[in-house]
Amino acid sequence: MEDIVLVGFGGHGKRVADCIEMQGKFHIVGYTDFRPQSDCMYAYLGTDAVLDKLYQSGIHNAAVCIGYLGKGNIRKKLYDMLKSIGYTLPTIIDISAIVSETTELGEGTFVGKLAVINAKAKVGKMAIINTKALVEHDCRVGDFTHIAVGAVLCGEVFVGEASLVGANATIIQSHRLGDRVIVGAGSIVTKDIENGKLFRNALG
């Protein structure tokens, strides 16, 4: 079993760690963060400044455990830093998730409990497909994008990079969301949304 380090820790980190433990493919050696977390069962290894030394010690796998927080660029910066050191960022898929064999998942992507990703969908790197989210057939989900708890992407939906589809939101089939779009929780999207827009209306 290979070692893995958790980068950052909080609510999302708990989900990621739980999935890693249930997969049984990696041994979690500890986590890095700007300070120790009082409710974390894993060893605190220091700030991100220790990641290079950890890699040199033989730990070559990392999982970014910072959620979207409305800023996919934070996850991108962490990804770029880890790759520059040499880390591999494995895809973490909960054992309860259903992922079609014809789906493509990018490096470092997380798929949570009871999530479903259907046939011919493509999900970029470092995306989050969270608990009970549904990504239907032929969808495209960009790098560093978060499909939140219970959100639904109907067939052939396109979501750009570093976007957020909020909890229980639904994107009706064949619509396109640009980069850095935020769709509010519970929204029903029946139109395309341009780059950088915030969409909150429940029936828009």
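Reader: Let's start with a side chain I've been staring at: is Glu107 buried, partly exposed or exposed?

Author: Keep in mind that this is a predicted model. Relative accessible area is what to read here, and partly exposed covers the range between under 20% and over 50%. Glu107 has a value of 25%, so it counts as partly exposed.

Reader: Which residue does Glu107 form a salt bridge with?

Author: The general idea goes like this: side chains of opposite charge can pair when their charged atoms come close. In this model Glu107 pairs with Lys83, and their closest N and O atoms are 2.9 Å apart. Glu107 sits in the loop between β7 and β8 while Lys83 belongs to helix α3, so the salt bridge ties together parts 24 residues apart in sequence. Lys83 is partly exposed too, at 34%.

Reader: How many salt bridges are there by this rule?

Author: The count is seven. One of them joins Asp18 to Lys113, with 2.6 Å between the closest N and O atoms. That pair links distant parts of the chain, 95 residues apart: Asp18 is in helix α1, and Lys113 is in the loop between β8 and β9. Asp94 comes in as well, since salt bridges with shared partners join Asp18, Asp94 and Lys113 into one network.

Reader: And where do Lys76 and Asp80 lie?

Author: Both are in helix α3, four residues apart, which is about one turn of the helix. Their side chains meet in a salt bridge at 2.8 Å, N to O. Lys76 is partly exposed at 38%, and Asp80 is partly exposed at 35%.

Reader: Let's switch to a polar residue. Is Asn130 buried or exposed?

Author: The cut-off for buried is under 20%. Asn130 comes in at 2%, so it is buried. Its place is the loop between β11 and β12. The Asn130 side chain makes a polar contact of 3.3 Å with that of Arg15 and another of 3.1 Å with that of His146. Beyond its neighbours within four places in sequence, Asn130 is in contact with several residues, including Phe110, Gly112 and Val149.

Reader: Last one, the strands. Which way does β1 run relative to β2?

Author: A handy idea first: in a regular strand the side chains alternate between the two faces of the sheet. Here β1 and β2 run parallel and are joined by six bridges. Val7 stands opposite Thr32 in β2. Together with helix α1, β1 and β2 make a right-handed β-α-β unit. β1 also runs parallel to β4, through three bridges, and Val5 has Ala62 as its bridge partner there.

Methods
Residues are numbered from 1 along each chain as its sequence is written. This is a predicted model: local features need pLDDT of at least 70, side-chain atom pairs count only at pLDDT 80 or more; totals for chains, interfaces and linings use all residues. Side-chain values use heavy atoms; hydrogens and water are left out. Two strands pair if DSSP finds at least two bridges between them. Helices (H or I, at least four residues) and strands (E, at least two) are DSSP runs, numbered from the N terminus. A crossover is right-handed if, with the strands pointing away from the viewer, the path from the first strand over the helix to the second runs clockwise. Buried means under 20% relative accessible area, exposed over 50%, partly exposed in between (1.4 Å probe, protein chains only). A polar contact is a pair of N or O atoms within 3.5 Å; within protein, one must be able to donate a hydrogen and the other to accept it, and residues adjacent in sequence count only if both atoms are side-chain atoms. Contact means heavy atoms within 4.5 Å. A salt bridge is a side-chain nitrogen of Lys or Arg within 4 Å of a carboxyl oxygen of Asp or Glu.
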